[in-house]
Amino acid sequence: MKNTSKATLILSLFILFLVSCTTEVKNADYKIVPVPQEVVMTGNAPFIMNSKTKIVYPVDNPQMQKNADFLAKYIKEATGKDLKVISGGEIKNAIVLKLNLTSANAEAYQLDVNQNNIVINGASEAGVFYGIQSLRKSLPIARETDISFPAVQIKDYPRFAYRGMMLDVSRHFFTLDSVKRYIDMLALHNINRFHWHLSDDQGWRIEIKKYPELTKVGSMRSGTVIGKNTDEYDDIPYGGFYTQNEAKEIVNYAKDRYITVIPEIDLPGHMQAALASYPELGCTGGPYEVWKRWGVSEEVLCAGNPQTIEFIEGVLDEITEIFPSEYVHIGGDECPKDRWKTCPKCQALIKKLELKSDKHHTAEARLQNYVMSCAEKFLDGKGRRIIGWDEILEGDLIPGATIMSWRGTKGGVEAAKRGHEAIMAPNVYLYFDYYQTENTENEPLAMGFPVTLEKVYGLEPAPKVLTDEEKRYIIGVQANLWAEYIPTFSHVEHMALPRMAALSEVQWSMPDKKDYEDFLIRLGNLKEQYNLKDYNYAKYVFEPQALAAPIEDK
Ligand code: TNX
């Protein structure tokens, strides 16, 4: 044998040896949540991701650079690989992010995997972000191995434009870091609206410079009722609030993840913390205390006092400066009219405005409408729109108002029939503060009735009673996490996950793509992501014996 061929042989054997020593390959799996609209396995050779693989984003596009950085971070978390992020066009051994998909849906993306590369092409930067989420959820959790991505073409887009989750930070307060962690959870589930419930009877949580007492007094209660509204209190002062700068930090953090923060200032009811701060805004003049109980307080803003409207406008003025969102949620739920019925100022205003009771609405319901309309007009002047809880259907409907239907879906149906946009958030399907299992004694830190994972999954947000034309007014779906019985953020995670996964499929996927048994298999993959992030998800569907054990709260 010639020396050269000998050398070649030795080299070949050496390479063979190296290849056999190299790490095994683990497979990516496109069984993800929410289920994409179309997944076609092409049967071609797979793409092998190794430590040399690059992530490429279009030149001079800082938003796409952020997207690329997110992808690099997700890959590092799941596989330990530190992929290089560069700008440029389509190259080999790369995950290429592109922005030239034509689609009627702005959030659409297409994901193509072939032997040479993976291409995520979006109709917008947001679309690319959802493609990245899908790729992230396909990753195996695997260190020290190359990853094989079976060749595939995924075409995907969301069913609803508004995909929301609410967090109540009044009944219990969650730190800035916890709120960011919550937003990360939303991003993992392709959710694009974070509804932030910032005020309620039990605590005012946002700095308003014109009304400093709101946070000085209104953010702190002197104690909290023990258990489910017993007559015992813990007498431990409890509170917290976000400065305007902190709130802006959340707005930006969410924006990077294509999530809009919708603030809620709940009025004219659920205002006892504000009344404790400014007693002159109540019908009786107080004194009031930041509420230590749960439920619906009779103490509400005095509609007949002109200072009340000035207060609402002053608060909303600063809220619109902090939050660029088109929508501002102004509440409108559970506002008892007891005080207004006997308040001379409210009755005088009813007379002046010539509000009458009839078989449709009481004069006091119309007075609430007047207050909500003032807020709406003020916001309209700033180019903003309002969302209100379905109670606002009880007065004459405010033009342009979007209804958030929480007492079942009927409010949303009525709104759509009357030509108003509606967001479906029915408590029977989407209240994540409610029990997760039928075995309610097992869940002391929950309320309401059982809203199981399967129940959440079963919601059809555009009921058959609506015509196709009317269905278009159902702009989205949202789940709510009220926090009366949620004292820690770890418990937030327990209540939200995995029900958020079922929600995400109701929000994102077309009804004909949904299948609960298949969802459970795909949820098994998503669970690995939960483990990776150390989320304290409820184990009930994964470990039947968890039903018998008390809730663990890390
Ligand atoms: C009703 S939903 C409320 C909240 C409570 C929740 C408890 C809505 C608009 N109001 O104030 O926290 O029930 O599930």
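**Close-up 1. Polar contacts of the ligand.** In this predicted model, the side chain of aspartate 433 places an N or O atom 2.7 Å from an oxygen atom of the ligand. A polar side-chain atom of glutamate 484 likewise lies 2.6 Å from a ligand oxygen atom, while a polar side-chain atom of glutamate 334 is found 3.3 Å from a nitrogen atom of the ligand. Of the 370 Å² of accessible area that the ligand has on its own, the protein covers 94%.

**Close-up 2. The shell around the ligand.** The residues surrounding the ligand are Arg171, His270, Asp333, Glu334, Trp389, Trp406, Tyr431, Asp433, Tyr434, Met447, Trp482 and Glu484. By class, this shell consists of six nonpolar residues, five charged residues and one polar residue.

**Close-up 3. Helices α4 and α16.** The axes of helix α4, residues 176-188, and helix α16, residues 489-496, come within 11 Å and cross at roughly 15°. Angles under 35 degrees count as roughly parallel, and α4 and α16 are therefore roughly parallel to each other. Their crossing is right-handed.

**Close-up 4. Backbone geometry in three loops.** Most peptide bonds are trans, and most residues other than glycine have a negative phi. The bond from leucine 267 to proline 268, however, is cis, with omega near -5°, and proline 268 belongs to the loop between β17 (260-267) and α7 (272-277). The bond from glycine 286 to proline 287 is also cis, with omega near 0°, and proline 287 sits in the loop between α7 and α8 (306-322). Asparagine 93, in the loop between β5 (84-87) and β6 (94-98), has a positive phi, near 45°.

Key:
Residues numbered from 1 in each chain as written. Predicted model: local features only at pLDDT ≥ 70, side-chain atom pairs only at ≥ 80, totals over all residues. Heavy atoms only, no water. Near = heavy atom within 4 Å. Polar contact = N/O pair within 3.5 Å; in protein donor to acceptor, adjacent residues only side chain to side chain. Areas by Shrake-Rupley, 256 points an atom, 1.4 Å probe, with all protein chains shown as cover. Nonpolar A, V, L, I, M, F, W, Y, C, P; charged D, E, K, R; others polar. Axes fitted to C-alpha atoms, helices over the stretch in contact; angles between N-to-C directions. Helix = DSSP H or I, 4+ residues; strand = E, 2+ residues; numbered from the N terminus. Parallel < 35°, antiparallel > 145°, perpendicular 65-115°, else oblique. Left-handed = near helix turned anticlockwise from the far one by under 90°.
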